[in-house]
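I opened this notebook to record what I looked up in the structure, residue by residue and then as a whole. The entries follow in the order in which I made them.

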Amino acid sequence: MRDALPETDAIRQLKAREPMLWINPHWQPASRCIATLPIGRRDLEEAAARLHRFAPLLQQLFAELEHSQGIIESALMPIPSFTAALSASSGRDVGTILLKADHALPVAGSIKARGGIYAVLHFAERKAIEHGLLAGADSDYRRLLSPEARRVFSGYELTVGSTGNLGLSIGIMGAALGFSVTVHMSREAKEWKKARLRARGVRVVEHASDYTAACVVARDEARRNPRLHFIDDENSLELFLGYSVAALRLRDQLKLIGRPIDEEHPLFLHLPCGVGGAPGGITFGARLVFGDLVHCFFAEPVEAPCMTLGMASGRHAAVSVYDIGLSLRTDADGLAVSRPSQFVGRLMEPLLSGCYTVRDSEMFRHLLALHETEAIEIEPPSAAAAAGPLMVLGNEAGRRYLDAHGLLPFASQATHILWTTGGALVPAEQHAEFRRSARSG
Ligand SMILES: *Cc1c(COP(=O)(O)O)cnc(C)c1O
């Protein structure tokens with residue numbers, strides 16, 4: 001038996017499934033912590049450069065990347081009607097709220113189009129160099145679409161454990177390059193995601209267990225077979241760095257629309273969190289790019305707050321949400337993770353501002369509001385981010401955080417970005433079903 005968890009207020013609230021905001025006491029200014037991290041600016045820039053090398057290949061492979069020259073990126077959008085409705089219903093000036101539309105990322109329709117696709121490209125590049133298909137970084141990467149390259153790639157199998165979207169991104173990208181791909185789907189995965197993958201020739205293994213257990217099976221298989229490459233969401237630096245590039249793109253987009261980010265105009269990122277790779281990668285990138293001007297918060301369902309629990313207890317991946325009596329039962333499939341990443345939580349200790357938890361009913365309320373006010377359709381996990389601005393501005397712990405950072409006078413000048421993480425590939429009928437659930441409350 002392990003020692004009992006500390007009986008802090010945060011852990012009591014998590015156990016009680018009460019929506020809560022946990023402020024990270026280990027946060028440090030960038031000037032103190034960035035240099036001590038095991039990864040840094042160079043890793044971020046290398047990841048961005050790799051995506052540029054692959055851009056001509058991606059442009060040729062996916063028609064929807066034609067206009068962006070092979071760069072997979074989403075829009076940064078104003079959502080004035082949603083913002084006005086939120087201000088009116090809360091009786092509070094919520095400042096400027098923007099939406100980072102990763103729910104509409106091309107190719108994979110979710111935030112996994114950053115990390116998942118990057119992880120496949122990273123592996124493909126390594127194998128291509130080993131097999132002499134690429135001379136070096138200045139080769140024309142479109143060569144990797146040749147029959148010869150396909151023959152090489154078809155000798156390898158990619159496997160991954162997924163709640164749905166990671167499998168979709170790895171399956172779509174892996175199959176497009178000629179890899180054979182096996183996706184181990186946890187019980188949360190939606191049928192349409194499995195069907196879509198099977199239609200592309202991807203092998204889908206359905207598990208009756210949760211995400212962590214599906215990964216154990218996939219990892220074991222890969223250990224026994226050297227031609228099998230397991231993309232390990234709980235341990236993968238590649239996935240993490242693929243996500244981190246978003247921060248460079250966000251900086252350029254904010255500049256383009258003339259939105260100031262400075263001491264008097266702080267930036268808040270609201271990031272839905274499952275295993276932690278996506279929000280962690282973006283937070284790492286954002287703290288490198290924006291330093292102390294950015295305040296990053298993770299959003300999790302009350303039934304699956306694995307990162308909040310891991311960080312608040314200091315136990316990270318050694319503790320699971322089942323240990324505190326939670327069920328993992330949430331309609332936010334992409335966030336239904338019982339145990340956080342093996343490394344993200346520790347890396348986040350000096351970088352992250354905090355985490356909050358959200359009830360499914362609140363997620364559905366925001367999902368419906370985004371549709372009614374802005375005609376935006378998202379998956380339930382995306383909607384968790386929409387709880388963020390009021391958590392920070394309206395809650396006692398949030399006010400203390402703003403005060404400690406000298407931000408109370410500037411709260412109404414802040415920019416809050418809701419990072420919507422999935423939705424574009426969801427069938428129309430399923431979107432209608434989400435709204436029916438929201439209305440029946
Ligand atoms: C995967 C996913 C997340 C969270 O990403 P993690 O890396 O698991 O933390 C959030 N939203 C959606 C829709 C996802 O698919």
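**Entry 1. Ala135.** I looked up Ala135 and found it exposed, because its relative accessible area of 76% is over the 50% cut-off. I placed Ala135 in the loop between α5 and α6 (147–153). I then took the distance to Arg150, which is 15 residues apart from Ala135 along the chain, and found the two C-alpha atoms separated by 17 Å. I note here that the model is predicted, and I read every value below with that in mind.

**Entry 2. Pro409.** I turned to another loop residue, Pro409, which sits between α18 (396–404) and β11 (415–420). I recorded Pro409 as exposed, at 59% relative accessibility. Between Pro409 and Ser437 I counted 28 residues along the chain, and I found 39 Å between their C-alpha atoms.

**Entry 3. Backbone angles at Arg17 and Gln69.** I checked two residues for the sign of phi. Arg17 is not a glycine, yet I found a positive phi of about 60° for it. I located Arg17 in the loop between α1 (9–15) and β1 (21–23). With a relative accessible area of 31%, I noted Arg17 as partly exposed. Gln69, also not a glycine, has a positive phi of about 55°. I found Gln69 in the loop between α3 (41–61) and β2 (76–78). Gln69 I entered as exposed, since its relative accessible area is 53% and the cut-off is over 50%.

**Entry 4. Gly161.** Is Gly161 buried or exposed? I found Gly161 buried, with a relative accessible area of 1%. I placed Gly161 in strand β4, which covers residues 157–162. I then looked for a residue distant in sequence and took Ala214, 53 residues apart from Gly161 along the chain; the C-alpha atoms are separated by 5.6 Å. Leaving aside neighbours within four places in sequence, I listed the contacts of Gly161 as Leu166, His184, Tyr211, Cys215, Ala218 and Phe230.

**Entry 5. Asp232.** I next examined Asp232, in the loop between β7 (228–231) and α10 (237–244). I recorded Asp232 as buried because its relative accessible area, 11%, is under 20%. Which residues does Asp232 contact, leaving aside its neighbours within four places in sequence? I found Arg219 and Leu239.

**Entry 6. Phe343.** I located Phe343 in the loop between α13 (306–313) and α14 (344–348). I entered Phe343 as partly exposed, because 21% relative accessibility is not under the 20% cut-off for a buried residue. Neighbours within four places in sequence aside, I found Phe343 in contact with Glu234, Asn235, Ser236, Leu237 and Phe240. For Leu241, 102 residues apart from Phe343 in sequence, I noted a C-alpha to C-alpha distance of 13 Å.

**Entry 7. The nonpolar core.** I looked up the largest nonpolar core and found 157 residues in it. Phe179 and Leu269 are the residues with the most contacts inside this core. Helix α5 (residues 112–130) gives the most to the core, with nine residues. I then followed Leu269 and set aside its neighbours within four places in sequence; its contacts are Leu250, Ile282, Ala286, Val294, His295, Cys296, Phe297, Ile417 and Trp419.

**Entry 8. The whole protein.** I closed with the totals. I counted 19 helices and 11 strands in the protein. How many of the residues count as buried? I noted 63% of the 441 residues. I found that 75% of the contacts with a separation of 6 or more join residues 24 or more positions apart.

On overall form, I entered spans of about 60 × 50 × 45 Å for the C-alpha trace along its principal axes. The radius of gyration is 21 Å, which agrees with the value near 22 Å for a compact globule of 441 residues.

On the surface, I recorded about 16,600 Å² exposed, with carbon and sulfur atoms supplying 50% of it. On charge, I noted 47 positive and 49 negative side chains. The centres of these two sets lie 3 Å apart.

Key. Residues numbered from 1 in each chain as written. Predicted model: local features only at pLDDT ≥ 70, side-chain atom pairs only at ≥ 80, totals over all residues. Heavy atoms only, no water. Helix = DSSP H or I, 4+ residues; strand = E, 2+ residues; numbered from the N terminus. Rg over C-alpha atoms; globule rule 2.2 N^0.38 Å. Buried < 20%, exposed > 50% of the residue type's maximum accessible area, 1.4 Å probe, protein only. Contact = heavy atoms within 4.5 Å. Areas by Shrake-Rupley, 256 points an atom, 1.4 Å probe, with all protein chains shown as cover. Lys, Arg positive; Asp, Glu negative; His and termini not counted. Charge placed at Lys NZ, Arg CZ, Asp CG, Glu CD. Core = buried A, V, L, I, M, F, W, Y, C linked by side-chain atoms within 4.5 Å.
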